[in-house]
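Q: Please take a close look at one helix of this model. Where does it start and end, and what does it pack against?

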Amino acid sequence: MNTKNQKLTEKLNQLLADYQIYYQNLRGLHWNVKGPQFFMLHGKYEELYNEAAEVIDEIAERILMVGGQPLHTFEDYLKTAQLKVVAGVSDGKQGVEVVLDNSRSLLERFNEILELADGDEGTSALVSDLIGAAEKRIWMLSAYLG
């Protein structure tokens, strides 16, 4: 594997680890949300974690396509991820803030990878799609919080 693909694999694995934490944060928020926004947020978190599960698979497959090996243990995810595990959040507003913060961090990772992927159209296309989705999610969550 060339140096560029090694660096790309490293960054994609960091993204994979972050996405696994993001996914699990969403699952916890979905399970634990309480209050007047329960029905709306419970459904929204489920939508977001289902979407995240698909993205996780796409990232892992992209790592394989560039000649790397995707991380696949929780231990590796926890060692590699920059996102923090969130536990015990049941307040709706606080939960949305967690998703917003996670989404902003993921957007930073996407932009780093897009810059690194210069000339790798497959990775660029994947990350460009993720950027658009994250920007929309950030806008909507920000609007929700007022």
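A: Start at the N-terminal end of helix H5, which Asp120 caps: a side-chain oxygen of Asp120 lies 3.3 Å from the backbone nitrogen of Gly122. A polar contact here is a pair of N or O atoms within 3.5 Å; within protein, one must be able to donate a hydrogen and the other to accept it, and residues adjacent in sequence count only if both atoms are side-chain atoms. The model is predicted: local features need pLDDT of at least 70, side-chain atom pairs count only at pLDDT 80 or more, and totals for chains, interfaces and linings use all residues. Residues are numbered from 1 along each chain as its sequence is written, and side-chain values use heavy atoms, without hydrogens and water.

H5 covers residues 121-145. Helices are DSSP runs (H or I, at least four residues), numbered from the N terminus. The 25 residues of H5 should span 36 Å at 1.5 Å a residue, and the end C-alpha atoms are 36 Å apart, so the two agree. The expected span is 1.5 Å times one less than the number of residues. Just after H5, Gly146 takes a positive phi of about 85°.

Now the packing side. The buried residues of H5 (under 20% relative accessible area, 1.4 Å probe, protein chains only) include Leu126, Leu130, Ala134, Arg137 and Leu141. Residues three or four places apart in an α-helix point the same way, because there are 3.6 residues a turn. The buried residues of H5 pack against three helices: H1 (3-32), H2 (38-65) and H4 (92-116). Contact means heavy atoms within 4.5 Å.

Conventions
Helix = DSSP H or I, 4+ residues; strand = E, 2+ residues; numbered from the N terminus. Buried < 20%, exposed > 50% of the residue type's maximum accessible area, 1.4 Å probe, protein only.
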